[in-house]
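Here is a set of short exercises to work through with the structure open beside you. Try each task on your own before reading its solution.

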Amino acid sequence: MGLSIGDGGSEERSEWRAMTRCGEQSRGLGIPGRSACLCAVSEDPIIDLESDTYFMQQALREAQRAYAAAEVPIGAVVVREARVIARGWNQIETLKDATAHAEMLALTAAQNMMEDWRLEGCTLYVTKEPCPMCAGAIVHCRPERVVFGCPDLKAGAAGGWINLLDANPPLNHRCEVTRGVREDECVGLLQTFFREARAKKAARAKESPEN
């Protein structure tokens, strides 16, 4: 599944037009041999490196690592001050550990990075809504925000099934929650994984001798 941002064709054309205008302005000012730009090259950056969309792409890259390892493709990153400080991908089968969810591994890595169990000022990005186990860990770790891609209506604990991140009565910490960032890509990767898993299971059943 492709995770490309795009070729940026329209932005490149805008940049070229801006550069052309800059050259005209330089000549108009009579500055010989100068090609320095005297105006902004582009009004908007091609990629906002501090956006939820960008950091969810980083989580999707971790999910791709899980997919390549035949794990349920869920990925997570922890961000502080616009910088990824920890990453994690689902490794339940790899580690033979039922608690090795992407969020749990990313939270632990972030605590090690910060040398503190409190993840104050941090944001957790994860491709699927956290389960009750992960939501409980999030409450204890105290990140400022949680951003997830696709909801889990059957077992999600950030509003899909229950909401531990904004519980009533409240727990000892509440997180701001943003839902649905790059949802289609997150859902698509999971659907591809489970579709392929069902096909492999059916193929094995067909090849096995009849009882």
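## Exercise 1: An arginine and its surroundings

Arg179 counts as partly exposed, at 45% relative accessibility. Keep in mind as you work that this is a predicted model.

**Task.** Locate Arg179 in the fold, then find which backbone oxygen its side chain reaches.

**Solution.**
- Step 1. Start with the position: Arg179 lies in the loop between S5 and H6.
- Step 2. Look for contacts beyond four places in sequence: Arg179 meets Phe148, Ala158, Gly159 and Asn163.
- Step 3. Now check the polar atoms. The side chain of Arg179 comes to 2.8 Å from the backbone oxygen of Ala158.
- Step 4. Compare sequence with space. Val147 is 32 residues away from Arg179 along the chain, but their C-alpha atoms are 5.9 Å apart.

**Task.** Turn to the partner, Ala158: is this residue buried or exposed?

**Solution.**
- Step 1. Ala158 sits in the loop between S4 and S5.
- Step 2. Buried means under 20% relative accessible area. Ala158 has 0%, so it counts as buried.
- Step 3. List what surrounds it, leaving out residues up to four places away in sequence: Ala158 touches Glu129, Pro130, Phe148, Asn163, Leu165, Val177 and Arg179.
- Step 4. One further pair is worth a look: Ala158 and Pro132 are 26 residues apart in sequence, with 8.3 Å between their C-alpha atoms.

## Exercise 2: The sheet

**Task.** Trace the order of the strands in the open sheet and name the edge strands.

**Solution.**
- Step 1. Reading across, the five strands come in the order S2-S1-S3-S4-S5, and their pairing is mixed.
- Step 2. S2 and S5 (176-178) each pair on one side only, which makes them the edge strands.
- Step 3. On average, neighbouring strands of this sheet are turned by 20° against each other, direction ignored.
- Step 4. Add the helix: H2 packs on the sheet and touches S1, S2, S3, S4 and S5, while its direction makes about 140° with that of S1.

**Task.** Work out in which sense S1 pairs with S2, and in which sense S3 pairs with S4.

**Solution.**
- Step 1. S1 and S2 are antiparallel and share six bridges. As an example, Ala76 has Gly88 in S2 as its bridge partner.
- Step 2. S3 and S4 run parallel, joined by five bridges. Here Lys128 stands opposite Cys150 in S4.
- Step 3. Follow the chain from S1 into S2: the two strands form a hairpin with two residues between them.

## Exercise 3: Positive phi values

**Task.** Inspect the backbone at Glu81, Ala82 and Arg182, and say what sign phi has at each.

**Solution.**
- Step 1. Glu81, in the turn of the S1-S2 hairpin, has a positive phi of about 55°.
- Step 2. Ala82 is not a glycine, yet its phi is also positive, about 65°. Ala82 lies in the loop between S1 and S2 and is partly exposed, with a relative accessible area of 37%.
- Step 3. Arg182, in the loop between S5 and H6, has a positive phi near 55°. With a relative accessible area of 16%, Arg182 is buried.

## Exercise 4: The nonpolar core

**Task.** Find the residues with the most contacts inside the largest nonpolar core, and the element that gives the most to this core.

**Solution.**
- Step 1. A general point helps first: in soluble globular proteins, nonpolar side chains tend to be buried together.
- Step 2. The largest core here has 40 residues, and Met56, Val78, Tyr125, Ile138 and Leu165 have the most contacts inside it.
- Step 3. Several elements supply at least two residues each, among them H2 (52-68), S3 (122-128) and H6 (183-207). H5 gives the most, with six residues.
- Step 4. Zoom in on Tyr125. Its contacts beyond four places in sequence include Phe55, Met56, Ala59, Val77, Val79 and Val147.

## Exercise 5: Two cysteines

**Task.** Decide how many disulfides the model contains.

**Solution.**
- Step 1. The cut-off is a pair of cysteine sulfur atoms within 2.5 Å.
- Step 2. By this rule there are zero disulfides.
- Step 3. Take Cys141: its nearest cysteine sulfur belongs to Cys175, 9.4 Å away, and Cys141 is in no disulfide.
- Step 4. Check accessibility: Cys141 is buried at 8%, and Cys175 is buried at 7%.

Methods
Residues are numbered from 1 along each chain as its sequence is written. This is a predicted model: local features need pLDDT of at least 70, side-chain atom pairs count only at pLDDT 80 or more; totals for chains, interfaces and linings use all residues. Side-chain values use heavy atoms; hydrogens and water are left out. A nonpolar core is a set of buried Ala, Val, Leu, Ile, Met, Phe, Trp, Tyr and Cys residues joined through side-chain atoms within 4.5 Å. Buried means under 20% relative accessible area, exposed over 50%, partly exposed in between (1.4 Å probe, protein chains only). Helices (H or I, at least four residues) and strands (E, at least two) are DSSP runs, numbered from the N terminus. Contact means heavy atoms within 4.5 Å. Two strands pair if DSSP finds at least two bridges between them. Axes are lines fitted to C-alpha atoms, for helices over the stretch in contact, and angles run from 0 to 180 degrees between N-to-C directions. A polar contact is a pair of N or O atoms within 3.5 Å; within protein, one must be able to donate a hydrogen and the other to accept it, and residues adjacent in sequence count only if both atoms are side-chain atoms.
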